[in-house]
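Hello,

Here is the structure I promised to pass on to you. Have a look at it first, and then read my notes below.

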Amino acid sequence: MDTLSRRDVLEWAMAESVPVRCPACRREHLFAAPSYPCVCGAPVTPPLDRLADPAPVTHRTWDEDWVTVPCDTCGRADQWPHPELGCPCGAMLRIPVRGVRRPLRAEVVPGTGAPADLETEPEPEAAPHTPESPPLGTAAATPGSPLIPDHLPLPRTTPTPRPVFQPVTIRTARDAVTAATLYLRWLGYRDIRRADQRPPSGIGLAARGVLAQVDPTVRPATLRDVECLWLTAMSESTGCVYFSLAGYADDARRRADALGIPLFVLDLTGTPQPVNPHADELLATGA
């Protein structure tokens, strides 16, 4: 997509706007939904529902803060922040959207602990094997013999290159969580959701194979923060990664290096920057 057509698409994505009346003070606003970058590079904009009334946000849950919206370009469906508007009277309004799905938590197969969408079909029963006599003048092929090596080398594969990461500018704590979510998705992690266990500070995110902590505060992450993340990940038999807006204390960085925890710093452009070798390795290899 050239520069001109990409700009046209972005302008079109931001063009849809709806009038919004605050139910608390009755003040009217004109609201346009923000666009977010899909992994294919195209903008994704939650479609606004002009016929529904906005709802005040009294408490937050993961299912209500995020919606699943498909990309019009590639068809990929990902989770994005639900559009919201802050009224000068102090009310936070959740703007209705149409034709989108709520994010669903992965169901667990009873007795396995594995997500339902990972459950495999039962393999068909193999036909009974009838040993055949080797041809005359040849030796029977047995494991370890020159005819059947113990190990067959697999062909070398080249990892699929990832597209350029499309950041989201960080202005609020929620933007920091969105930036970390986009980055984890860009690294290859799937089914990202809010973690079941709330960390001592920040926001916890979970995906297949990783537990992430996002700290949007203005203080550096402490040794206790890093150790608590590692202990929680160990109890769930998964890896972990830390995203901090204000960096890390020296003893926290040393402990993360010893425990193998990738550390990232979120700059204000929304691009996580690796700060230790484990983060560099994760950036190079992906999920």
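**Helix α3**

At 1.5 Å a residue, the 15 residues of helix α3 (residues 173–187) should span 21 Å, and its end C-alpha atoms are indeed 21 Å apart, so the two values agree. Please keep in mind that this is a predicted model. Helix α3 is also mostly covered, with 13 of its 15 residues buried. Right after α3 comes Gly 188, which has a positive phi, near 115°.

**A three-stranded sheet**

Next, find the open sheet made of three strands in the order β5-β9-β8, where the pairing is antiparallel. The edges are held by β5 (55–56) and β8 (84–86); each has a single partner strand, so one side of each has no neighbour in the sheet. In general, the strands of a sheet pair through backbone hydrogen bonds, either parallel or antiparallel. Here, two bridges join β5 to the antiparallel strand β9 (residues 92–94). If you zoom in on that pair, you will see Ala 55 opposite Arg 94 in β9.

**Two loop residues to look up**

Which residue in the loop between β1 (17–21) and β2 (28–32) should you click on? Try Arg 26, which lies in that loop. Arg 26 is not a glycine, yet its phi is positive, about 65°.

Ser 237 is not a glycine either, and has a positive phi of about 55°. You will find Ser 237 in the loop between α4 (223–235) and β13 (239–244). Is Ser 237 buried or exposed? Its relative accessibility is 71%, and the cut-off for exposed is over 50%, so Ser 237 counts as exposed.

Enjoy exploring!

Terms used
Residues are numbered from 1 along each chain as its sequence is written. This is a predicted model: local features need pLDDT of at least 70, side-chain atom pairs count only at pLDDT 80 or more; totals for chains, interfaces and linings use all residues. Side-chain values use heavy atoms; hydrogens and water are left out. Two strands pair if DSSP finds at least two bridges between them. Helices (H or I, at least four residues) and strands (E, at least two) are DSSP runs, numbered from the N terminus. The expected span of a helix is 1.5 Å times one less than its number of residues. Buried means under 20% relative accessible area, exposed over 50%, partly exposed in between (1.4 Å probe, protein chains only).
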